[in-house]
Amino acid sequence: MKTEPYPLALRGLLLLSIGALAVLGLGLVIGGAAAPLPLADPGPVVRLGQPITKLILNLSMATAVGSLVLASFAANDDERARLQPVASWSASIWLFAGAANFIFTYLSASGSEVTYGSQFSESLWLFATQIELGTLLAFNLGFAFLLSLSTIAFGGRRMTAVNAAIGIAGLYPLAESGHASSDSGHALAVNSLLMHLIGISVWVGGLIALYAVFRAGNERTQVLVSRYSTLALLAFIAVGVSGLTSGFIRLYGPEDIFSPYGLLLIGKAGLLVLLGIFGARYRLGAISKISASASGFWRLVGVELFIMGSAIGLGTALATTALPENPNEFVPPTPAELLTGDPLPPELTPSAWATVWDIDILWLSIALGAIGLYLFGVLRLRSRGDSWPIGRTLSWVSGMLVLIYVTNGAPNAYQEFLFSTHMVGHMILSMMVPVFLVPGAPVTLLSRAQTARKDGSWGLREWVLWAVHTPYAWFISHPLFAGLNFALSLVMFYYTPLFRWSTEEHLGHQWMLVHFLITGYLFVQALIGVDPQPHRPGYPLKLILLIGTMAFHAFFGLSLMNEKSLLLADWFGSMGRAWGDDPLTDQAVGGAFAWGVGEIPTIVITTIVVWQWSRSDDRERKRLDRASDRSGNKDLEDYNAMLESLSKTRDSR
Ligand code: HEM
C-alpha cells in the first residue's frame, strides 16, 4: 500500500494542535482561568503551564487509546504493526506531559515554588501519596508509564488489546479527579466523565491514527475508515450523552447557562454538532468516494481534526474553569451528605420503589446499547431470511430493563443509605438479571448475525468467540467453579473489607456491580445456558448445585437476620435517617431479602432445568424410536431375544 511520507501526516496534526491551543487560550480567557487568582496566584507560568500540559496529556492519551482500539478491532496484522509506533509515541508523550502536568498541578494547588532540594521531591511524593488529586494524577502517570513500555515491547494481537485495556484503565483516575471529585453527585460525575473520555479517545484518537498512517486512497483504507466510522458513531453518541450529563449536573439553575462555565459548555455543544455533520457526511457518501478522491477525503479529515482539537481545547479549559456558584455551598451538610456526598433520598415508601430514581448514565447507556446491538443483530438475521426465537429477544430485553432498574432506580437511589435495599439490588443483579439474559443466547446471535472477518482482522465476533474458548473461560464456566464462586462471593463480599470498599469508594461499587453480574451470569449459564459452552453437566448435578445454592442463600440470609452487630456500623448506623427501621432491623430485613429475593430466581431456574430435562428425555426417546424404526425395531428384537435367553437359562437351572 503506497502512503505519503509522515511529514504530510503532520499537517493534520498541526491543524489539530493549532485548533486545540487556540481554543484552549480562548476558553481560559472566557472561563476566567487565564486571569491571576485573587489569592496565592501561582504566577502565569504555572497558571498557563497546567492547562497546556493537561491539553497535551488529553491529546496524547486519546491518540494512544484510539490507535490501540483501532488496531484491536479494525486492523489486520500488517496494519496493526503500522499503528504500533503511533501508540507507543503517543503513550510516551502522555507520560512526559502527565509528569509536567503533575508538577504544575502540585505547584498551583500548593502555591509553592520549584526548589532543587530534596524537600521539593518529598513534597511531590506527599502530594502523590497523601492528596487525592495527586494520587489520581500519579495513577494516570503510572498507566502512561506502563503503556509506553508495553506498546514498545508487545505488538501481537492479544497484547495490543491488553494495551488498549491498560490505556482505557488509565482514563479512570482522570474521571475521578477535577470537578468530578467533589462529593455531591460524585457517582454520576465520575461515570459520565469516564464515558466522555473513553468516547473522545476512541473517536479523536482513532481518527488521528488513521490520518497519521493510512492516508491512501485504496480499498483497504476504505475498509478501515468504514470500520472506524462505526466506532466513531458509537463514540459520538457516548460523548454527546455524557457531555450533556456532565454539564447538566454542574449547573445549579437555568441562569448558570450564561455563566463562564455555561458558555464554554454551549461552545462545546456547538462543536459537537459540527462534528456530527462531518460524521454524517462520511457515512452518507464520502467514505465510498475515498478511492476516487483520496486527497479530497483526507482534506475533509484535516478540517475535522482542527474542530476536534478545538473541542479538546475547550474541554481542557472547561476543566480549569470555576464551576457556577453552588447555592447550597454554605448550608451545613447532613450526616448522610458527610458520608455519601449526597442528600438522604425521601422515605422509602412502597411507591418510592417505582418513583425514586438515581440515574447512572454509564449503566443506562450500557444496557440501552446492549438492547440496541441485540435488536440490530436480530434484524440483520431477519433481513437475511433467518429466524430468531422471539422468546430469546424478549428475555434479553427484559434482562437489560431489569439491569436499568437496579442500576438507576430505587435500588441504586437507596443502596448507599439502607442495607436492605443494597441487598435487594445485589440479589436482583446477581440472580434476576442473569436469569433473563442467559436465555437470550447473545453469543449465538453474535456469531450468526455478524459475518466472520476474512482479512485477518478481529471484530467483536472474533474476540467474543476467542474469549469463550480460552482456558480461563473453560475454568470459570465450569459448573462447580460457577456454583462455588456464586455462593462464596456473598460471604467473601459482606464479611471482608470488600464491603466497605464497595460502599465507600466509587470504583469499589463499580467493581461490585460487574463482579456480581458476571458471577450470576456464569452460574445461570452453567445451569440453563443456550449459548455454546465447554461443559455439559448432567441434570442431576445441576439440581444438586441449585439445591446447594438455595440452602446457602437461606443460611446466609438467616445468619444476617440473626446478626447482633451492624455491618459497617459507622456507615449505615450514622446516616441520621429519621424514617424507616432502625439500622439493625433494616439489616435483618436485608437478610430476609437475601433469602427471599434470592430464592425466587433459583425456583425459576430449577423449573427451567426440570423442563429442559424432560424435554431432553423426550428428544432422547424420540431419537431412540426413530433409530428403532429405521432398524425395523432391531433393538426391540434384540431386547426380546435377550430376555428369552435369560428365561431359558433360568429354566435350565
Ligand atoms: C455536547 C457537547 C459536550 C459537552 C456538553 C461537554 C461537557 C464536558 C464537561 C462538563 C466536561 C467536564 C469538565 C470539568 O471537569 O468540569 C468535559 C470534559 C471534557 N470534554 Fe467535553 N463535552 C462535550 C463535547 C466534547 C467533545 C466533542 C470533545 C472532543 C472531541 C470533548 C472533550 C472533552 C475533554 C478532553 C474533557 C476533559 C477535560 C479535562 O479534564 O482536562 N467534549 N466535557
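**Close-up views of a predicted model**

**View 1. Helix α17 is largely enclosed by the rest of the structure, because 6 of its 8 residues are buried.** The helix spans residues 442-449 of what is a predicted model. Its buried residues are P442, V443, T444, L445, L446 and A449. The elements against which these buried residues pack are α13 (361-383), α14, α16, α18 (460-468) and α22.

**View 2. A441 lies in the loop between α16 and α17.** The phi angle of A441 is positive, at about 50 degrees, although the residue is not a glycine. A441 has a relative accessibility of 0% and therefore counts as buried.

**View 3. The ligand is surrounded by a shell of 25 residues.** Those that come nearest to the ligand are K54, H179, H196, Y261 and K268. By class, the shell divides into 14 nonpolar, 8 polar and 3 charged residues. At least two residues of the shell come from each of α2, α7 (186-213), α8 (219-250), α9 (260-286) and α10 (294-320).

**View 4. Side chains of K54, K268 and N58 approach polar atoms of the ligand.** For K54, a polar side-chain atom is placed 2.8 Å from an oxygen atom of the ligand. In the side chain of N58, an N or O atom is 3.0 Å from an oxygen atom of the ligand. The contact of K268 involves a nitrogen atom of the ligand, with a polar side-chain atom of K268 at 2.4 Å.

**View 5. T316, in helix α10, makes a polar contact with N58.** The contact joins the two side chains at 3.0 Å. N58 also has a side-chain N or O atom 3.0 Å from an oxygen atom of the ligand. T316 has a relative accessible area of 2% and is therefore buried. Leaving aside residues up to four places away in sequence, T316 touches L24, P51, K54, L55 and N58. Of these, K54 is among the residues that come nearest to the ligand.

**View 6. T53 belongs to helix α2, which covers residues 44-73.** Its side chain reaches the backbone oxygen of G49 at a distance of 2.8 Å. With a relative accessible area of 10%, T53 is buried, because that value falls under the 20% limit. Beyond residues up to four places away in sequence, T53 touches A97, A100, N101 and F104. Helix α2 is also one of the elements that supply at least two residues to the shell around the ligand.

**View 7. The largest cavity has a volume of about 100 Å³.** A total of 13 residues line this cavity, and those closest to its centre are V406, G425, H509, M512 and L513. Two or more lining residues come from each of α14 (390-408), α15 (410-414), α16 (419-437) and α22 (506-528). Helix α16 gives the most to the lining, with 5 residues. The lining comprises 5 nonpolar and 8 polar residues, and no charged ones. In the structure as a whole there are 5 cavities of 30 Å³ or more. Of the elements named here, α14, α16 and α22 also pack against the buried residues of α17.

**View 8. L568 is placed in the loop between α23 (539-561) and α24 (569-572).** Although L568 is not a glycine, its phi is positive, at about 45 degrees. The relative accessibility of L568 is 12%, so the residue counts as buried.

**View 9. M159 is part of helix α6, which runs over residues 157-176.** Its relative accessibility is 29%, so M159 counts as partly exposed. M159 and L68 are separated by 91 residues in sequence, and their C-alpha atoms are 10.0 Å apart in space.

Conventions
Residues are numbered from 1 along each chain as its sequence is written. This is a predicted model: local features need pLDDT of at least 70, side-chain atom pairs count only at pLDDT 80 or more; totals for chains, interfaces and linings use all residues. Side-chain values use heavy atoms; hydrogens and water are left out. On a 1 Å grid over the protein atoms alone, a cavity is a set of points where a 1.4 Å probe fits but cannot get out, and a pocket is an open set with protein on both sides within 12 Å along at least five of seven lines; lining residues have an atom within 4 Å of a point. Grid points are joined across faces, edges and corners, and a volume is the space filled by probe spheres set on the points. Helices (H or I, at least four residues) and strands (E, at least two) are DSSP runs, numbered from the N terminus. Ala, Val, Leu, Ile, Met, Phe, Trp, Tyr, Cys and Pro count as nonpolar, Asp, Glu, Lys and Arg as charged, and the others, Gly among them, as polar. Buried means under 20% relative accessible area, exposed over 50%, partly exposed in between (1.4 Å probe, protein chains only). A polar contact is a pair of N or O atoms within 3.5 Å; within protein, one must be able to donate a hydrogen and the other to accept it, and residues adjacent in sequence count only if both atoms are side-chain atoms. Contact means heavy atoms within 4.5 Å. A residue is near a molecule or strand if one of its heavy atoms lies within 4 Å of it.
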